[in-house]
Amino acid sequence: MGLSPGAGIPSARSTEKTRAVLYVVHNRVSLRTLRRVHRLLAGDGRLSFAATLAPDRFGRGCEAEADRWGLPLVPFEAAAAEPWDLALFGNHGGAHLFTRAAARVFVPHGVGAGKLALGQDFTYGPDFVLRSGKPIYTAMFEASEEGRQRAEDITPRLAGRIRVVGDLETDEFLAVLARRATARAVLGVAPEDFLVLLSATWGDAGMLAWHGPALLRSARRLPGDVRVVLKPHPHNWGPRGRPRPPLARALAAAPETVCLVPPWQSWMGAYAAADLAVYDFGSLALRFALRPRPMVAVPAGPGAVTPGSPVDALRAMTPELTEPSLPRALELASAAGVPPDLADLAPRFVSHPGQAAHRTRGALYELLDLAAPGPREGEEREIRERALEGSG
């Protein structure tokens with residue numbers, strides 16, 4: 001149930017029996033990331049929970065989704081003033097204001113930290129993770145050992161604060177991959193069809209800004225057994241669920257046969273079902289690379305990708321589509337095949353596959369200074385089934 005501004009705030013200070021946990025939500029993507037974390041803690045009577053909406057340029061429109069979460073929704077300024085035992089952030093912005101939180105934890109909403117912003121790595125750049133030269137977060141969760149090392153190379157003051165826990169979303173996707181035939185059937189893709197995935201991030205350097213209408217228009221020239229599914233980043237939609245201009249222009253040019261994955265639907269089914277990915281530099285392309293399939297990159301603007309990141313490595317090993325043509329992408333994919341080094345890429349962006357729930361829960365309870373309860377009976381099965389249900 002949401003609380004209106006000025007309404008009473010749940011007592012945030014821990015008592016002898018409880019610890020107070022706050023989820024700081026910036027946008028839909030961070031909300032879904034934090035909900036995954038919440039599932040690992042929910043049901044523990046020693047914990048109380050609340051959420052708050054942080055100021056964010058993409059935050060409008062997620063109020064209703066946050067309210068459906070069912071947690072008390074505390075006004076941001078009031079939440080920042082409260083002494084939480086644990087405050088969790090799914091995106092940067094405002095964490096330094098929570099000075100009374102005993103622990104501030106960053107939970108990334110992607111893997112392979114590869115995007116640059118303001119000339120720095122968006123996940124680990126000093127302007128994003130330091131305040132007055134000191135780390136903002138008590139701990140930052142990271143999916144891979146290489147990611148931890150890269151974070152400490154980028155910002156040495158993060159040494160000792162990076163916790164490698166694996167990736168909850170990747171573990172869910174691995175369960176969907178095991179049921180690929182089901183994912184194709186849900187999308188209406190026949191066994192003989194060839195499915196092309198357009199994996200598009202957001203921003204001026206992304207696929208939709210790069211000749212998006214021409215690329216979608218070219219789907220009309222594909223053979224009849226080739227299907228196309230477009231998965232845009234949720235930031236490509238406005239607060240009322242309307243496509244922002246780059247996506248709107250691309251959709252206007254696309255034939256009706258192109259399948260669109262809307263922001264409220266899981267990406268996993270489309271990524272498991274596809275036979276080829278045409279991508280830019282979003283981290284979801286790395287998840288597609290978990291299975292040996294051909295991939296083709298579209299150009300990325302200078303300064304868009306962190307050098308040496310897994311996304312950068314993926315782009316280096318796949319052919320680049322220099323013209324906005326899906327028939328040409330098929331030609332490139334057919335000539336190049338599966339990148340021979342693709343199998344070596346996965347350990348670079350996700351360590352401890354299948355163990356993220358256990359490792360994340362352990363790290364959270366350590367920060368809460370509580371003994372972690374044993375996993376509930378059937379919990380891992382529930383996680384797999386939830387991923388499969390949401391894959392379509």
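**Helix packing, sheet and cores**

Helices α1 and α6 are roughly perpendicular to each other, because their crossing angle falls in the 65 to 115 degree range. This is a predicted model. The axes of the two helices come within 10 Å and cross at roughly 90°. Besides this helix pair, the model has an open sheet of six strands and two separate nonpolar cores, the second with 33 residues.

**Contact of α1 with α6**
- On the α1 side, the residues are Arg36, Val37, Arg39 and Leu40, and they meet Leu168, Glu169 and Glu172 of α6.
- Sorted by class, this contact contains three nonpolar residues, four charged residues and no polar ones.

**The six-stranded sheet**
- The strand order is β2-β1-β3-β4-β9-β10, and the pairing is parallel.
- The edge strands are β2 (47-53) and β10 (162-164); each has a single partner strand, so one side of each lacks a neighbour in the sheet.
- From one strand to the next, the twist averages 25°.
- β1 (residues 19-25) and β3 (residues 86-89) run parallel and are joined by four bridges.
- Tyrosine 23 has leucine 88 in β3 as its bridge partner.

**Helices on the sheet**
- α1 (residues 28-41) packs on the sheet and touches β1, β2 and β3.
- The direction of α1 makes about 160° with that of β1.
- α15 (residues 356-368) lies across β1, β2, β3, β4 (104-106), β9 (139-142) and β10.
- Relative to β9, helix α15 runs at about 175°.

**Nonpolar cores**
- The largest nonpolar core has 38 residues, of which Phe173, Leu197, Tyr271, Met295, Leu314 and Leu345 touch the most other members.
- Elements giving two or more residues to this core are α6 (168-177), β11 (194-200), α10 (268-273), β14 (276-279), α11 (284-288), β15 (295-297) and α12 (310-317).
- α10 supplies the largest share of this core, five residues.
- Beyond its neighbours within four places in sequence, tyrosine 271 is in contact with Phe173, Leu197, Ser199, Lys231, Leu284, Phe288 and Arg293.
- The second, separate core of 33 residues has Leu40, Phe49, Leu168 and Ala363 among its members.

**Burial of α12**
- In α12, the buried residues are Pro310, Val311, Ala313, Leu314 and Arg315.
- The cover over these buried residues includes α5 (145-154), β14, α11, β15 and α14 (346-349).

Terms used. Residues numbered from 1 in each chain as written. Predicted model: local features only at pLDDT ≥ 70, side-chain atom pairs only at ≥ 80, totals over all residues. Heavy atoms only, no water. Core = buried A, V, L, I, M, F, W, Y, C linked by side-chain atoms within 4.5 Å. Buried < 20%, exposed > 50% of the residue type's maximum accessible area, 1.4 Å probe, protein only. Contact = heavy atoms within 4.5 Å. Pairing = 2+ DSSP bridges. Axes fitted to C-alpha atoms, helices over the stretch in contact; angles between N-to-C directions. Parallel < 35°, antiparallel > 145°, perpendicular 65-115°, else oblique. Nonpolar A, V, L, I, M, F, W, Y, C, P; charged D, E, K, R; others polar.
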